[in-house]
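Please work through the exercises below with the sequence and the structure open beside you, and try each task before reading its solution.

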Amino acid sequence: MSGQPSLDQAGGNGPAIAVRDIARDFVAGQQTIRVLHGIDLDVEPGNLTYLVGESGSGKTTLISIMCGILFPTEGQVKVFGTDIYDLPDRELVRFRLQNIGFIFQQYNLIPAIDAAHNAAVPLIAQGMDRKEARDRAAEMLDKLNIGDQANKLPNQLSGGQQQRVAIARALVHEPRLVVCDEPTAALDAKSGRRVMDLLREVALAEDRSVIIVTHDNRVFDLADRILVLEDGRITHDGTKMPKDH
Ligand SMILES: Nc1ncnc2c1ncn2[C@@H]1O[C@H](COP(=O)(O)OP(=O)(O)OP(=O)(O)O)[C@@H](O)[C@H]1O
């Protein structure tokens, strides 16, 4: 173990996420390849954290483990004090639904339903009345400046508008943890900064955290904290990028 506090200290007022000694192996043919090596990390609430690193360094694997969608081979993850991989499967699904919002590289919108309905999906999955869920989703679309697109199907929207619907869907249930994989990769510089600003405005609060995987050096100045991952190990942890990147 590193100098991180023990997991028992990662309770109510502790870090948003406490990662301890995480390793992950993948099997490829006859070989087992270790892609994460003993990661120890605390993410504080109220912070916008970037995870940066070359292709294949393990970023997507690490955030998938941090948000409860990929089991680690070794180690523990506490999200707001809950040891997520200790939960029975159904509880883990419920925990994710209530506490975590994801924005993936692909927007994964449902083609046959309109923007407001797409954005309402997490609330409907939690059992909220459809009309109320739709109203809340429409409010979130408004905050993201696409309230006037609420009744359109995904294929009637531009790429940037579809992305905002995906962001609305990730934020609509006000999750305490929001995790995004390359949210600005397909955007021009101005739209990329706007998306980061929106995430800060809408998703971040004293008791909430946002973690973003990005290669995009145009937005590096917007992070509170930057972690660099190289070959499955964290090699830099600071408020700025290291000089040699
Ligand atoms: N399901 C899998 N089976 C086998 N190997 C995998 C699997 N998922 C990821 N890997 C391997 O794990 C390593 C890390 O992959 P990961 O997707 O986490 O990297 P990344 O830093 O997110 O890359 P990128 O920036 O290209 O998205 C890579 O070598 C990849 O080939």
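The exercises that follow concern a predicted model.

**Exercise 1.** Determine which residues surround the ligand, and which element supplies the largest share of the shell.

*Solution.* Begin by listing the surroundings of the ligand, which consist of Phe26, Ala28, Val35, Gly53, Ser55, Gly56, Ser57, Gly58, Lys59, Thr60 and Thr61. Next, sort this shell by class, which gives three nonpolar, seven polar and one charged residues. Finally, assign residues to elements: β1 (17-28) and α1 (59-66) each contribute at least two residues to the shell, and the largest share, three residues, belongs to α1.

**Exercise 2.** Describe how helix α3 and helix α4 are arranged relative to each other.

*Solution.* Two packed helices are described by the angle between their axes and the distance between the axes. For α3 (residues 115-125) and α4 (residues 130-143), the axes come within 8 Å and cross at roughly 120°, and the crossing is right-handed. The residues that make this contact include Ala119, Leu123 and Ile124 of α3 together with Ala133, Ala137 and Leu141 of α4. By class, the residues of the contact divide into 11 nonpolar, one polar and three charged.

**Exercise 3.** Establish whether Asp21 is buried, exposed or partly exposed, and do likewise for Asp231.

*Solution.* Asp21, which lies in strand β1, has a positive phi of about 55° although it is not a glycine. Asp21 is partly exposed because 16 other C-beta atoms lie within 10 Å, a count between the limits of 12 or fewer for exposed and 20 or more for buried. Asp231, in the loop between β9 (225-230) and β10 (233-238), has a positive phi of about 45°, and Asp231 is partly exposed because 14 other C-beta atoms lie within 10 Å.

Key. Residues are numbered from 1 along each chain as its sequence is written. This is a predicted model: local features need pLDDT of at least 70, side-chain atom pairs count only at pLDDT 80 or more; totals for chains, interfaces and linings use all residues. A residue is near a molecule or strand if its C-beta atom, placed from the backbone, lies within 6 Å of it. Helices (H or I, at least four residues) and strands (E, at least two) are DSSP runs, numbered from the N terminus. Ala, Val, Leu, Ile, Met, Phe, Trp, Tyr, Cys and Pro count as nonpolar, Asp, Glu, Lys and Arg as charged, and the others, Gly among them, as polar. Axes are lines fitted to C-alpha atoms, for helices over the stretch in contact, and angles run from 0 to 180 degrees between N-to-C directions. A crossing is left-handed if the near helix is turned anticlockwise from the far one by less than a right angle, and right-handed if clockwise. Two residues are in contact if their C-beta atoms, placed from the backbone, lie within 7 Å.
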